[in-house]
Amino acid sequence: MGKKKSSNGLNSNPSPAKSPVKHNDIWSTIESGEAKSASVSHYKEPKNEPKFVHPAKLAKPKKIFDGLDIPERVLSHGKIEENSGGKKRKNRESSPKTENKKQKVDTKPKELAVVKKQNKHSTATLSEITKSTYFVEEPDNDNEVTLISNGRETKFKKTVVVKTDEEELESDDEVEGEEYEDEELEDEEEFEDEEIEDEDETDIDESEMILDPNDVERYINFESVEDEEDVEDEKEVEDEEELEDEEMEDEEEEISDEDKFYQSNVLVVHRKQPTYFGNLFSTARLCELLEKNHLEYGTNINIAQYKNGVRTTLNGKGRVYPQIVKQHLNNLCSVQLVNPQTFDDRIWYICEVLQEQFGCFVGANTYLTPAGSSGFAPHWDEIDAFLLQVEGRKYWRVWAPESADEELPLESSDNFTEEEMKGRVPVFEGWIEKGDVIYIPRGYIHQARTDSKVHSLHVTISTGRQWSFANLLEKLVPDAIEALIQDQHKLRRGLPIGLFDMGGVIDLDYAQEDHFAEKFKIVVDRQMSKLRNFVADHSFESSVDSMAKEFMKQALPPLLTENEKKLSVIGSSIDLLGDDLVDFTAKTKVKLIRKHTQRLLMESEDSCFISHRMNNSRLFEGRPESNVDYPITGIDVYRVLSNAYPEWRTLDDIFSSRETRHQSRKEKLAAIQILFQIGVLLVKN
């Protein structure tokens with residue numbers, strides 16, 4: 001019998017309903033301690049990155065004829081006019097210069113037939129046919145020199161010319177100068193001069209000689225008296241070509257720079273993947289942080305509104321409560337969480353990974369904006385911003401700086417009015433959807449609004465704050481001046497008497513104005529030159545260390561995995577009464593916890609210390625900087641560990657390495673233990 005059917009005609013045993021699809025929360029590995037360590041994301045400069053080549057550089061390079069790929073070296077040549085006969089040249093004996101010349105190519109007359117055969121089918125017109133003549137001096141024959149023209153050889157005996165001492169010196173100087181010139185130009189110019197100055201004539205029949213014009217770079221007319229002008233014209237052309245090459249190189253560099261967006265262009269990434277960021281951050285997470293943490297107005301939370309062209313801040317006082325935030329959102333206000341990395345491990349993780357790569361402090365903000373509203377007026381920031389759209393969508397307008405004076409500011413701007421923005425064309429205008437990213441360089445004015453029906457939540461990752469060459473010089477120059485004062489006693493001399501009567505900004509009749517340059521300006525200029533040289537010789541490396549020390553004070557502490565905690569001084573689930581102490585043996589493996597968690601710095605020639613960020617607060621500069629004295633004998637040990645990062649090294653490898661052979665085993669072990677005790681070293685037995 002068949003299966004019994006229900007009264008409605010359906011199978012009484014329906015298949016179970018499918019369970020809803022679960023999306024893996026990729027960020028949950030951070031809370032579980034299974035996330036990859038930031039140490040594995042250490043930035044390395046790409047080596048095989050394709051290099052941009054300007055299209056002009058792809059053109060076939062111009063072949064420069066050097067005369068080495070033909071049987072004869074053409075020393076002087078020119079075009080033969082149509083229906084012209086042979087030319088007469090003055091018969092002469094070899095000059096003193098030719099006696100000092102040695103031809104590089106030993107040419108035989110029979111080779112001329114080969115050239116004639118090769119050029120038999122040449123398409124050159126008669127006016128393009130060239131003529132040629134050259135001298136050959138046999139290496140083994142010091143008494144004769146041969147003149148070859150169109151297959152005809154004429155031998156000349158060398159004549160010894162007696163010179164005065166002055167002429168001898170002049171000849172020697174000429175020979176010495178010629179040794180430094182290009183061989184081809186040397187040959188052409190010398191024989192051109194000889195052809196013009198010679199007074200003897202020789203009959204030369206050149207009607208038989210045919211030379212491919214493509215084998216000749218330049219043509220010099222025997223009858224021309226403007227050879228020097230031609231050479232000058234050629235030099236001008238060469239100079240113009242060099243200038244064009246330099247301009248193309250500059251253009252190539254400019255285009256190459258434009259190809260990189262960081263601090264120069266807006267970057268928009270439309271992924272069309274709403275779930276790309278997963279559960280990185282959410283409105284629910286913001287509410288949870290408000291409920292469980294003591295967040296205060298101004299320090300942690302800002303309430304802002306941009307309405308009718310006016311931006312207002314509606315912060316209260318004291319702690320921020322979720323119910324009050326809800327009221328602000330209902331009134332179309334935007335809620336900014338200033339430092340989510342302080343309270344949220346997922347944002348902390350992103351910031352720490354990027355911090356290792358950028359080498360400067362990386363912070364974050366979150367912005368929750370209700371539908372149909374805007375929180376901020378057009379403005380620029382003093383940071384480079386990567387905006388990650390995690391909920392909803394937002395419409396952005398971004399304007400580039402109008403002049404070089406506005407580029408890369410070190411401070412944030414005031415709010416711009418709509419009237420001030422009229423006439424300015426944005427470099428980007430459009431929607432940023434959930435899962436998208438927009439990068440806004442420092443100094444680019446920006447402003448956004450939400451969709452009329454959808455709220456927006458985005459996370460802003462910021463970098464580059466107070467991290468410029470200007471900031472470096474602010475630290476470098478005062479330190480260099482202080483050191484220079486100790487080194488140069490003249491800097492400590494008093495200013496000239498009567499200085500106020502020597503000059504000033506206001507145009508007055510200064511009684512001692514004539515002494516201003518001598519007693520003040522020149523002296524100051526001289527000291528500025530010394531300062532520049534002193535900085536170049538002594539302060540460049542130390543300025544990098546100064547910025548590294550500043551970074552260690554500001555940066556977030558590293559977010560350690562569970563395994564890193566177990567292998568470090570921090571520990572994880574430690575049995576305080578157990579006997580499993582950390583032991584340092586020859587086979588013990590060690591490595592630095594991060595490449596940029598610590599910095600070894602020199603205090604003087606015989607003392608150093610380590611500045612590190614292991615104890616830093618997740619609140620910006622929330623704790624004093626951590627500096628620990630380090631033995632000068634441990635520098636080589638630190639160098640080996642730093643160069644080996646991120647690889648492990650056994651103590652035996654470190655202690656037996658060539659770099660550390662000058663220190664005792666006790667000194668090396670003491671250096672290792674200090675690194676472990678301050679938390680920057682992982683130890684594995």
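Here is a short chat about helix packing and salt bridges in this predicted model.

User: What makes α11 oblique to α12?

Analyst: It comes down to the angle. The axes of α11 (residues 469–487) and α12 (residues 516–554) cross at roughly 125° and come within 7 Å. Oblique is what's left once under 35, over 145 and 65 to 115 degrees are taken out, so α11 counts as oblique to α12. The crossing is right-handed, too. Among the residues making the contact are L472 and L476 of α11 and F534 and V535 of α12.

User: Why is the pair K292 and E288 called a salt bridge?

Analyst: Their side chains meet at 3.1 Å, N to O, and the cut-off is within 4 Å, so the pair qualifies. Both sit in helix α7, four residues apart, about one turn of the helix.

User: How do you know whether K292 and E288 are buried or exposed?

Analyst: Exposed means over 50% relative accessible area, and buried means under 20%. K292 has 61%, so K292 is exposed. E288 has 29%, which falls in between, so E288 counts as partly exposed.

User: And what makes E352 and R613 buried?

Analyst: The limit is under 20%. E352 has a relative accessible area of 0%, and R613 also has 0%, so both count as buried. Their side chains meet in a salt bridge of 3.6 Å, N to O. E352 lies in helix α9 and R613 in the loop between β20 and β21, so the pair ties together parts that are 261 residues apart in sequence. Both belong to a network of salt bridges that also links E356, E564 and R594.

Definitions and conventions:
Residues numbered from 1 in each chain as written. Predicted model: local features only at pLDDT ≥ 70, side-chain atom pairs only at ≥ 80, totals over all residues. Heavy atoms only, no water. Axes fitted to C-alpha atoms, helices over the stretch in contact; angles between N-to-C directions. Helix = DSSP H or I, 4+ residues; strand = E, 2+ residues; numbered from the N terminus. Left-handed = near helix turned anticlockwise from the far one by under 90°. Contact = heavy atoms within 4.5 Å. Buried < 20%, exposed > 50% of the residue type's maximum accessible area, 1.4 Å probe, protein only.
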